[in-house]
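Colleague: I am new to this model and would like a close look at one part, the largest pocket. Please start there and then work outwards.

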Amino acid sequence: MAARIIDGKAVAAQLRAGLAARVAAAGYAPGLVVVRVGEDPASGVYVRNKDRAAKEAGFASRTIHLPEATTQAQLLAQIAALNADAAVDGILVQLPLPDHIDAQAAINAVAPEKDVDGFHPINAGRLASGQPGLVPCTPRGVMHLLAGTELRGARAVVLGRSQIVGRPMAQLLLGADCTVTIAHSRTRDLAAECSRADIVVAAVGRAEMVRADWVKPGATIIDVGINRLADGRLVGDVAFDEVAAVAGAITPVPGGVGPMTIACLLENTLDAAMARRG
Ligand code: NDP
């Protein structure tokens, strides 16, 4: 295996330790509130993990778990109360929401300065226009993993154009002076697009789609995908073993991008607290 393995668990642990030290020095516990509606089982695991990581780093973290039958108006009223609460620095509305609630309306209701998911159109617009703001956690985590990789002038291909990963990822890479291509389900020749890239970020949700013959020798491969196979194994969007034989550096799944997302949620919460409290 030729590629350097980018150890997201280690980078995330280091980031969380640094944040814990900054929180201790700040003299207050930044407040993070996760709002969960209903019983989506995966959300339960994510929310518990966020809460534990936040508390370990000294944040004042709590979850408001609303019943499945909560109306959109009730959820928006809850978000408005959190917007007005001076002890709350960061608000995260856990997705997915039940079908009867318009998720975009909930996202739009969060005060942009407390929007630690970075999904509010104001923060998306700031990112797209190169202004400082809160950036979605997973792409922010990918940028940490790319520390030490030459980005200026590099050709980067982002596979996927979702609001939460692909689009903000492309903006961050553009901001770091990459030449960026965004590919998606209508792209004519994905393999050809990838094979020109110095950096590939795969955020598609298709198990092991990126093959060795798509990858330029020595390229850096960041795998955001999380896919559960029929046999229970968790794999990314990249065929890890064969691509690692060609790439220069690669993130594993699990243990690559995944751990960075929660660490960057805490980083966003501390940024939001410092911006708001001065
Ligand atoms: P979405 O389903 O919202 O977006 C997937 C994107 O991939 C779309 O833009 C879609 O194109 C594109 N796509 C789908 N199939 C193909 C294909 N065959 N060829 C090319 N492009 C394709 O997913 P997310 O962005 O939310 O997530 C992507 C992956 O990342 C998932 O596996 C998810 O579980 C994982 N993830 C991991 C996180 C982490 O913390 N590690 C956090 C968030 C997500 P189109 O727009 O044309 O439909």
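Which helices and strands each supply at least two residues of the lining of the largest pocket?

Modeller: This is a predicted model: local features need pLDDT of at least 70, side-chain atom pairs need pLDDT 80 or more, and totals for chains, interfaces and linings use all residues. Numbering starts from 1 along each chain as its sequence is written, and side-chain values use heavy atoms, without hydrogens or water.

Five elements each supply at least two residues of that lining: α1 (8-26), α2 (41-56), β4 (90-93), α6 (137-145) and α10 (258-277). These are DSSP runs numbered from the N terminus, with helices (H or I) of at least four residues and strands (E) of at least two. The largest share comes from α2, with 8 residues.

The pocket itself holds about 1400 Å³ of space. A pocket is an open set of points on a 1 Å grid over the protein atoms alone, with protein on both sides within 12 Å along at least five of seven lines; a lining residue has an atom within 4 Å of a point. Its volume is the space filled by probe spheres set on the points, which are joined across faces, edges and corners.

In total, 47 residues line the largest pocket. Y46, T138, I226, G258 and T261 lie nearest its centre. By class, the lining has 27 nonpolar, 10 polar and 10 charged residues. Here Ala, Val, Leu, Ile, Met, Phe, Trp, Tyr, Cys and Pro are nonpolar, Asp, Glu, Lys and Arg are charged, and the others, including Gly, are polar.

Where does the pocket sit relative to the domains? Domain 1 (28-113) and domain 2 (136-257) both give residues to its lining, so the largest pocket lies between them. The bounds come from an automatic or database domain assignment. Over C-alpha atoms, the two domain centres are 29 Å apart.

Now the ligand. It is surrounded by 21 residues, each with a heavy atom within 4 Å of it. The closest are R161, S162, S185, I226 and T261. I226 and T261 are also among the residues nearest the centre of the largest pocket. The shell around the ligand has 9 nonpolar, 10 polar and 2 charged residues.

Three polar contacts stand out (N or O pairs within 3.5 Å). T261 brings a side-chain N or O atom to 2.7 Å from a ligand oxygen. I226 uses its backbone instead: a polar atom there is 3.1 Å from an oxygen atom of the ligand. R206 has a polar side-chain atom 3.3 Å from a ligand nitrogen. On its own, the ligand has 920 Å² of accessible area, and the protein covers 70% of it. That area comes from the Shrake-Rupley method with a 1.4 Å probe.

Moving outwards, the second largest pocket has a volume of about 330 Å³. It is lined by 19 residues, with A124, Q163, I164, R167 and P168 nearest its centre. α4 (103-109), α5 (121-128), α7 (166-175) and β6 (179-183) each give at least two of these. α7 gives the largest share, 5 residues. The lining divides into 14 nonpolar, 4 polar and 1 charged residues. Domain 1 and domain 2 each contribute at least three residues to it.

The structure also holds 1 cavity of 30 Å³ or more. A cavity is a set of points where a 1.4 Å probe fits but cannot get out. This one has about 60 Å³ of space. I91, L92, V93, L95, I107, V110, D115, D117 and F119 line it. β4 gives the most, with 3 residues. By class, the cavity lining has 7 nonpolar, no polar and 2 charged residues.

A few backbone details remain. L95, one of the cavity's lining residues, is joined to P96 by a cis peptide bond, with omega about 0°. P96 sits in the loop between β4 and α4. The bond from V253 to P254 is also cis, with omega near 0°. P254 belongs to the loop between β11 (249-250) and α10. D177 is not a glycine, yet its phi is positive, about 75°. D177 lies in the loop between α7 and β6.

Key:
A polar contact is a pair of N or O atoms within 3.5 Å; within protein, one must be able to donate a hydrogen and the other to accept it, and residues adjacent in sequence count only if both atoms are side-chain atoms.
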